[in-house]
Amino acid sequence: MTSPNRVTLFYSPQTRATGMRVLLEEIGAPYDLHVLNMKAGEQRQPAYLAINPLGKVPAIRHGDALVTEQVAITIYLADLFSPGGLAPALNDPLRGPYLRWIAYYGASFEPAVVDRFMQREPGPAEMSPYADYDTMLGALEAQLATGPYLLGDRFTAADVLWGIALNWTVNFGLVPKRDVFVRYAERIAARPAFQRVEQADAEMAAEHAAKVGG
């Protein structure tokens, strides 16, 4: 019998969906992958656009619930499967900072990094969601300096989100190789869940490339 808690993760390797698979592995939640070959454009087909009209992964289906957006999925899964563990409880003093830094990722970090990559000016500080790139990054660096994790000694789902993001952005030169960022990313990348998914992703990405002759 299929578990009522089983999650379907709409997935493509080496994308933002990777972090959600790592989170499911960290939690030990039951899940299935609905794999999309983005090199073949499967994320733009009508069947998937009905799931996410933006044609983006990740997305999850859990029972009757359909959830898109990395930040929302992180909060949803950690609360559902790991209350009080990877997600501080509602009455935990760390709950507010936990939500703050998850929201900061989507609202400030990603827009800043994309603008930096595209060589776009952020606009006036009072209108920009992240003020400016250096200010945004400085706040993150100060928070991670309290380490070893985002919230000090406690590892949470927020570290999965941030650790994988920094692993990629530092490696691709989108974030400077400051000691705090490098050590934090390495710490998260060394976890068994990350290692398992990274290996599986490399194999899946090679298969997808082969299917389109890339």
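This report walks through the overall build, the pockets and some local features of a single predicted chain.

## Overall build

Let us start with the fold as a whole. The predicted chain holds 8 helices and 4 strands. Read from the N terminus, the elements follow the order β-α-β-α-β-β-α-α-α-α-α-α. For its 214 residues the globule rule gives 17 Å, and the radius of gyration of the chain is close to that, at 17 Å, so the chain is as compact as a globular protein of that length. Along the principal axes, the C-alpha atoms fill a box of roughly 45 × 40 × 35 Å.

Of the 214 residues, 45% are buried. Among contacts with a separation of 6 or more, 63% are between residues 24 or more positions apart. The accessible surface is about 10600 Å², and carbon and sulfur atoms account for 54% of this surface.

## Helix H1

Helix H1 (17-27) deserves a look of its own. Of its 11 residues, 9 are buried, so H1 is largely enclosed by the rest of the structure. The buried residues are Ala17, Thr18, Gly19, Met20, Arg21, Val22, Leu23, Leu24 and Ile27.

What do the buried residues of H1 pack against? Their partners are two strands and three helices: strand E1 (7-11), strand E2 (31-35), H3, H6 and H8. Just after H1 comes Gly28, with a positive phi near 80 degrees. On the other side, the loop between E1 and H1 contains Gln14. The phi of Gln14 is near 55 degrees, which is positive although the residue is not a glycine.

## The two pockets

H1 also takes part in both of the pockets described here, supplying at least two residues to the lining of the largest pocket and at least two to that of the second largest. The table sets the two side by side.

| Pocket | Volume | Main contributor | Lining by type |
|---|---|---|---|
| Largest | About 880 Å³ | H4, 8 residues | 19 nonpolar, 7 polar, 4 charged |
| Second largest | About 170 Å³ | H8, 5 residues | 5 nonpolar, 3 polar, 2 charged |

In the largest pocket, the lining is made of 30 residues, and those nearest the centre are Arg16, Gln70, Tyr105, Glu110 and Trp168. Besides H1, helix H3 (70-81), helix H4 (95-118) and helix H6 (157-171) each give at least two residues to this lining.

Which residues line the second largest pocket? They are Gln14, Thr18, Val22, Asn167, Trp168, Phe194, Val197, Glu198, Asp201 and Ala202. Along with H1, both H6 and helix H8 (192-211) supply at least two residues each. Several names return here: Trp168 lies among the residues nearest the centre of the largest pocket and also lines the second largest. Thr18 and Val22, two of the buried residues of H1, belong to the lining of the second largest pocket as well. Gln14, with its positive phi, is another member of that lining.

## Loops and backbone features

Next come a few spots where the backbone is worth inspecting. A cis peptide bond, with omega about 10 degrees, links Val57 to Pro58. Pro58 sits in the loop between H2 and strand E3 (59-62). Another cis peptide bond links Gly147 to Pro148, with omega about 15 degrees. That proline, Pro148, is in the loop between helix H5 (133-144) and H6.

Glu69 has a positive phi too, near 80 degrees, and is likewise a residue other than glycine. Glu69 is located in the loop between strand E4 (65-68) and H3. With a relative accessible area of 43%, Glu69 is partly exposed.

Is Gln43 buried or exposed? Gln43 has a relative accessibility of 10% and counts as buried, because buried means under 20%. This residue is part of the loop between E2 and helix H2 (46-49). Apart from neighbours within four places in sequence, Gln43 contacts Asn37, Met38, Tyr48, Leu49 and Gly55.

Finally, Val114 belongs to helix H4. Val114 has 35% relative accessibility and counts as partly exposed. Val114 and Leu174 stand 60 residues apart in sequence, while their C-alpha atoms are 8.6 Å apart in space.

Definitions and conventions:
Residues are numbered from 1 along each chain as its sequence is written. This is a predicted model: local features need pLDDT of at least 70, side-chain atom pairs count only at pLDDT 80 or more; totals for chains, interfaces and linings use all residues. Side-chain values use heavy atoms; hydrogens and water are left out. On a 1 Å grid over the protein atoms alone, a cavity is a set of points where a 1.4 Å probe fits but cannot get out, and a pocket is an open set with protein on both sides within 12 Å along at least five of seven lines; lining residues have an atom within 4 Å of a point. Grid points are joined across faces, edges and corners, and a volume is the space filled by probe spheres set on the points. Ala, Val, Leu, Ile, Met, Phe, Trp, Tyr, Cys and Pro count as nonpolar, Asp, Glu, Lys and Arg as charged, and the others, Gly among them, as polar. The radius of gyration is taken over C-alpha atoms; the globule rule is 2.2 Å times the number of residues to the power 0.38. Buried means under 20% relative accessible area, exposed over 50%, partly exposed in between (1.4 Å probe, protein chains only). Contact means heavy atoms within 4.5 Å. Accessible areas come from the Shrake-Rupley method with a 1.4 Å probe; for residues, only the protein chains shown count as cover.
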